[in-house]
Structures are given as structure tokens and as C-alpha cells.
Amino acid sequence: MKFSLMNPWDDREETVELDDDLAGKVQETVDNDPDLTLAEVLRQGLQRIVEERSGGGRA
């Protein structure tokens with residue numbers, strides 16, 4: 001599974017590739033939940049990391 005990330009405010013672009021094990025787990029998670037999309041998995045995962053790293057998720 002490969003993602004291309006583009007920043008709309010400048011010309012930076014980055015490609016992220018998941019290893020087969022993680023990609024399989026992500027796909028299985030999405031396939032097993034009809035209300036969950038790949039886009040939502042990415043949003044939730046990114047949001048969780050940002051909150052944890054910015055102190056928003058720490059007690």
C-alpha cells in the first residue's frame with residue numbers, strides 16, 4: 001500500500017509505503033467494518049499521533 005502526500009501550500013510531496021503486514025491489517029480492519037473507510041483510518045491515525053505529540057492527548 002502506497003500513499004502520495006501533497007502539501008497544498010507548497011510544492012512538497014512525499015510518498016509513504018506501508019509494509020505488507022501493516023497494509024494487510026489496515027485493509028482487514030476496513031473490510032470488517034462497513035462504516036469505516038481507508039480515509040477515516042488515516043484521519044484517525046494522524047489525529048491520534050498529532051494529539052499525543054502536541055500534548056493534547058496527555059493527562
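1. In this predicted model, the N-terminal end of helix α1 is capped by aspartate 19, one of whose side-chain oxygens lies 3.1 Å from the backbone nitrogen of aspartate 21. Helix α1 itself covers residues 20-31, and aspartate 20 belongs to it.

2. Aspartate 20 deserves a separate remark, since it is exposed, with a relative accessible area of 69%; this value lies over the 50% that is required for a residue to count as exposed. Although aspartate 20 and methionine 1 are 19 residues apart along the chain, their C-alpha atoms are separated by 7.4 Å.

3. The length of α1 can be checked against expectation: at 1.5 Å a residue, its twelve residues should span 16 Å, and the C-alpha atoms at its two ends are indeed 16 Å apart, so the two values agree.

4. Which residues of α1 are buried? They are Ala23, Val26 and Val30, and because the arc they cover around the axis is only 65 degrees, they sit on the same side of α1. The spacing fits a general rule, namely that an α-helix has 3.6 residues a turn, so residues three or four places apart point the same way. On the face turned away from this buried side, α1 carries the exposed residues Asp20 and Asp31, while the cover over its buried residues includes α2, which comprises residues 38-54.

5. Turning to the strands, β1 (residues 2-6) and β2 run antiparallel and are joined by five bridges, and the two form a hairpin with six residues between them. Within this pairing, serine 4 stands opposite threonine 15 of β2.

6. Is strand β2 buried or in the open? None of its five residues, 13-17, is buried, so β2 lies largely in the open.

7. For the chain as a whole, there are two helices and two strands, which follow one another along the sequence in the pattern β-β-α-α. Of the 59 residues, 12% count as buried, and among the contacts between residues at least 6 apart in sequence, 14% join residues at least 24 apart.

8. The overall dimensions should be read alongside those figures: the chain has a radius of gyration of 14 Å, whereas a compact globule of 59 residues would have one near 10 Å. Along its principal axes, the C-alpha trace spans about 35 × 35 × 20 Å.

Key: Residues are numbered from 1 along each chain as its sequence is written. This is a predicted model: local features need pLDDT of at least 70, side-chain atom pairs count only at pLDDT 80 or more; totals for chains, interfaces and linings use all residues. Side-chain values use heavy atoms; hydrogens and water are left out. Helices (H or I, at least four residues) and strands (E, at least two) are DSSP runs, numbered from the N terminus. Buried means under 20% relative accessible area, exposed over 50%, partly exposed in between (1.4 Å probe, protein chains only). The expected span of a helix is 1.5 Å times one less than its number of residues. The arc is that of the directions from the helix axis to the C-beta atoms. Contact means heavy atoms within 4.5 Å. A polar contact is a pair of N or O atoms within 3.5 Å; within protein, one must be able to donate a hydrogen and the other to accept it, and residues adjacent in sequence count only if both atoms are side-chain atoms. Two strands pair if DSSP finds at least two bridges between them. The radius of gyration is taken over C-alpha atoms; the globule rule is 2.2 Å times the number of residues to the power 0.38.
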